[in-house]
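Okay, thanks for coming, everyone. I'll keep this short and walk you through one model, so have it open in front of you.

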Amino acid sequence: MKKTQTATILMVCGMLPLIGAARDKTQQSAAPQPSANSSISPPPAYTPRPKDAPPLEDTPAQREAIAAWKLKAVQKNDVARAAHNAAVAPAYNFHYGKNNLFTPGNIKVQGAGFIQPGAFPTAEYCGTCHQEAYTQWRQALHSNAFRTPFYRTSVNILIRDKTRGIAFARHCDSCHNPIGVISGALTEDSKVDRARFDSDGLTCTTCHSVLSLDSTNGNASVQVGVPAVIVDEKGERIPGMVPFDMILRHPERHSQAVMHDLLHKPEFCAACHKANLPATLNDYKFIRAFTAYDEWQQSKFSQRNPLTFYTADFTTCQGCHMKRSAITHPDYGAKDGTLVSHRWLAGNTAVPFYYGFDEQLSKTIDFLRAGNYLNVDIFAIKKVNDDKLIAPLGRVSYNLAPSDTVEAYVVVQNKNIGHSLIPEVRDLYEAWTEFTVKDSSGNEIYHSGFLKPDGMLDPRAHSFTNRPVTDEGEFVDNHEVFTIHSVAYDNTVPAGRSVLVRYQFRIPANITGAITLTARINYRHLRQSYLNNIFGKDHPAYPVVEIASRTRTLKIGENQPEDPDPADNPDWMRWNNLGIALLDQFQYQESVQAFTEVIKLRPTYPDAYTNVGLTEISWEKYDSARTAIRHALSLDPNNIRATYYDGLLQRRAGNTEQEIGDFRKVVGMFPESRDARRELGITYYQQHENEKALEQFEALQKIDPDDLTAHYNLSILYRRMGRPEEAAKQQDMFIDKKVDDGAPTYSLNYLRTHPEISTESIPWHVHSDLDEGAGGVEHGK
Amino acid sequence: MASNFELLAASRAALRLTLMAVMFVALSARAHAANNCPWINEATASGIIGAEAVGSYTDPTPSQPAVCNFVQSGPSVTRTLRITVLQTPHFQDLLQAENKTCTGTATPMVAIGNEAIACSADDRRKVFAERVVGRVRDQVFTITLSTTQKDDSILNRFELKTRIATAAEQVSGNLF
């Protein structure tokens, strides 16, 4: 018995000197940076146990050995952490106070003080057994989140800013370089060896050490635990790297340590894919930066919002960006030869281009093109001096003649993206519509959305970008987010919605043959002027990816209907998308007409009537809206979308009981509907049912912690209920988050000096080279 | 099963160990003055050199580059990490001139600044060195990692090449 016990201890601890030596070397030296293609030694031998086999039972000796290891590991970590804190704290810039080590970021850590970088097992350690994950991660954005020039250029500006400095960069680095932040490296006289983590950005054990999500406020609102890759039999975490034998004997304990349920939730992604600029960063006020999470929550994929125009199966962020695929390297985390992607394919082509990660670049481009994410529809044409809309193109007959001045309607549908186009940092990422008209010889008749020889985008292109501005009305060209005071222009296509882009051109008088219209959605990471800021002007051209396109050939003379392209939406959906686009451009009459065409094609489709109704509510035509909504409910009495709009109309009519009934029904079926919670809260508030109103606004705030209506009403309700502290807190948040009354002035200062963007900022505008000053040839001219 | 006495003794030992380590690190941290090198801190430079190094920084003049110098001197070996940075409109000329200081074949580096090369820069077998020459926009930088010992147990040729790549990423990243 004793012999067995000793042997077991030796077996478990046999790895100790090896691991210890490797770790010491890492702590002293700059960790060599393996290239993405560098080979890793084969993983240790492992034969997975049958899926339904129970975990191995440890002998008493094995338990004792693990307990001894754990005791030593805990002591070692405690000693190292105390020593690290003693070294770092004296020189640390406690700009935000000793209790706010990581402000303006929201990141928190387990225990007190900083966590030493050495506490985080290296990616190479994890990669020994997870070679597929490691290889993918090395090329992915997460591992390069800090070191890329695209990030460094902007964060360095903040670090060098005379009135701010490196302490303020904790806001950015909490997501881009969390180990740097929580190890206390972000201070002027840093005592931390940065080579140990800068190159790895978000390493394996940053995400896999997150113990809890504090909120959905973003800015890294997570609590990072002391990293552990295994727990003991009681479920207690054993810090640091352990011998691989220990993990391979108890993979279930490894899983318990690193695979928390929260990793599968969209709220986990929200921690960093939702960001705001707090007053602690900008000395101004809260400004929303981006929130892909909320956009997802409002999309059809979350199934939390009953008001979407279309429906879909439930899909999380991970469902699109971490798709399971076959492995090509050994990985003990694989299931049936597949692993969830650790490439997080999305839209970043610049980083793999810069690093020469060709596989990541090619997969990123494939991802952008493969998802049926966008639909481009050259939906209609309209001849100047003729109000008739020739639509849908391809399904109706019409005539074209030389010298006709034509307006083309291009409808871009955000069909299957779970967030807006573009979701984040629209000041840097660039997507736009390119539209060409060519004659039968390929000669260009009209071209919008071209790239100039210097790489700059046509300033009159229809782009899905934004223009954040300073308090002087100057464009924040270099992602100096701390100077943003307003957004002069912000153009995006929210998930599930559509945008109409109109182009006007004249057919040449001497035309022969047909003309070809092509609309493309192009995407570039990053905007040329930002690339110039990073590299100077002498850098290679960065990739431009065509995400979706559609071409139509129009004959001079008579055109007959033709078979649709397989990728085309059905006719009813084409009209529906036009209606949505017109609604968002405040063209209510035309929008109702488009939705009415949907009714003609699908007379038993309740949403067609609801769409007419909701447009008429926006148009303040409540009687006809009521007729439309009632029709939708007559087709489907449980149609929850129509029920919501019926609630609004019942309120208008003073039918409080029905109003409450409607909203309660929506909340009952969609408890995370922020709109329904908000409206029900308002209804109760108006009825002086304070407790019930409070319940709704508190629920709303859990869904969206930034909802202004919730802040405002809660501040009043708490005060009425004798809870002044909570009232004051809500009031403060309302004031902080409400858009500054001066913001429009800053925006207007910018727009006055940028007529091209000024035109673009008007929802209903036309692109034309015929009379640019007037925005194209006006009808009736 | 350990007795209470044994557990108490173990925890006292752990406490003593913690205090000693804390004092050691605190003292060693205080022993170094703040270093002003804008592109790499002393702890990182020490990690790259492989032992505790002392740094110095010299401001640039119109004709001379800014210089960071980190030196670890021992009885038998001196290890140095030297970084120079000069901002100039004639950066291509300067790059070409600096490239000529290589004593070995220059190899282009991927993803370091706008462009960079790595090469050996040994000095007649007295100094064994690797060098990176590159630029970020119009800032030309050189990084030289050297040892005076031919078969240095820390900075052998492989380590020189590996570690200077880390230094190059740190320096270029801070120049962006």
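I'll start with confidence, then go through chain A piece by piece, and finish with chain B.

First, please remember that this is a predicted model. For the complex, the predictor gives an ipTM of 0.89 and a pTM of 0.90.

Let's take chain A. What is in it, in terms of helices and strands? Chain A has 30 helices and 23 strands. If you lay the C-alpha trace along its principal axes, chain A spans about 95 × 70 × 60 Å. The radius of gyration is 29 Å, and a compact globule of 781 residues would have one near 28 Å, so chain A agrees with that. Of those 781 residues, 50% count as buried. And if you take the contacts in chain A with a separation of 6 or more, 67% of them are between residues 24 or more positions apart.

Now the domains. The domain assignment splits chain A into domain 1, made of 2–20 + 60–272 + 314–340, domain 2, made of 352–569 + 766–774, and domain 3, which is 572–737. How far apart are the C-alpha centres of domain 1 and domain 3 of chain A? They lie 43 Å apart.

Let me zoom in on a small sheet. Three strands of chain A form an open sheet, in the order E1-E3-E2, with mixed pairing. At the edges you have strand E1 (108–109) and strand E2 (210–213) of chain A, and each of these pairs on one side only. E2(A) is joined to strand E3, residues 222–224 of chain A, by three bridges, and the two run antiparallel. If you want a pair to click on, A:Ser212 has A:Gln223 in E3(A) as its bridge partner.

While we're around E1, look at A:Thr122, which sits in the loop between E1 and helix H4 (123–129) of chain A. Is this loop residue, A:Thr122, buried or exposed? A:Thr122 has 21 other C-beta atoms within 10 Å, and the cut-off is 20 or more, so A:Thr122 counts as buried. For a sense of distance, A:Thr122 and A:Asp477 are 355 residues apart along the chain, and their C-alpha atoms are separated by 36 Å.

Next, another strand pair in chain A. Strand E17, residues 466–469, and strand E18, residues 486–490, run antiparallel and are joined by four bridges. Across from A:Pro468 you'll find A:Val487 in E18(A). As a reminder, in a regular strand the side chains alternate between the two faces of the sheet. In E17(A), A:Asn466 and A:Pro468 point one way, A:Arg467 and A:Val469 point the other way, and all of them are buried.

On to two helices. Helix H19 of chain A covers residues 571–584, and its 14 residues reach 20 Å from the first C-alpha to the last, close to the 20 Å expected at 1.5 Å a residue. How many of those residues are buried? Eleven of the 14 are, so H19(A) is largely enclosed by the rest of the structure. Among the buried ones are A:Arg574, A:Trp575, A:Asn576 and A:Asn577. What covers the buried residues of H19(A)? The cover includes strands E10 (374–383), E13 (405–414) and E19 (498–506), plus helices H20 (588–601) and H21 (606–618) of chain A. Following H19(A) comes A:Phe586, which has a positive phi, near 65°.

The other helix is H26 of chain A, residues 690–703. Its 14 residues should span 20 Å at 1.5 Å a residue, and the end C-alpha atoms are 20 Å apart, which agrees. The buried residues of H26(A) include A:Leu694, A:Phe697 and A:Leu700, along with A:Gln696 and A:Gln701. They pack against helix H25 (674–686) and helix H27 (708–720) of chain A.

Last stop, chain B. Chain B has four helices and seven strands, and along the sequence the pattern reads α-α-β-β-β-α-β-β-β-β-α. Of its 176 residues, 42% are buried. In chain B, residues 24 or more positions apart make up 45% of the contacts with a separation of 6 or more.

Where should you be careful with chain B? The average pLDDT is 86, with 81% of the residues scoring at least 70. Over residues 1–15 of chain B, though, the pLDDT is below 50, and this stretch has two contacts beyond near neighbours in sequence. Residues 17–33 of chain B are also below 50, and that stretch has 19 such contacts in the model.

That's my tour, thanks.

Definitions and conventions: Residues are numbered from 1 along each chain as its sequence is written. Chains are lettered from A and ligands numbered from 1 in the order in which they are written. This is a predicted model: local features need pLDDT of at least 70, side-chain atom pairs count only at pLDDT 80 or more; totals for chains, interfaces and linings use all residues. A residue is buried if 20 or more other C-beta atoms lie within 10 Å of its own, exposed if 12 or fewer, and partly exposed in between; C-beta atoms are placed from the backbone. Two residues are in contact if their C-beta atoms, placed from the backbone, lie within 7 Å. pLDDT is the predictor's confidence in each residue, from 0 to 100. Two strands pair if DSSP finds at least two bridges between them. Domain bounds come from an automatic or database domain assignment. The radius of gyration is taken over C-alpha atoms; the globule rule is 2.2 Å times the number of residues to the power 0.38. The expected span of a helix is 1.5 Å times one less than its number of residues.
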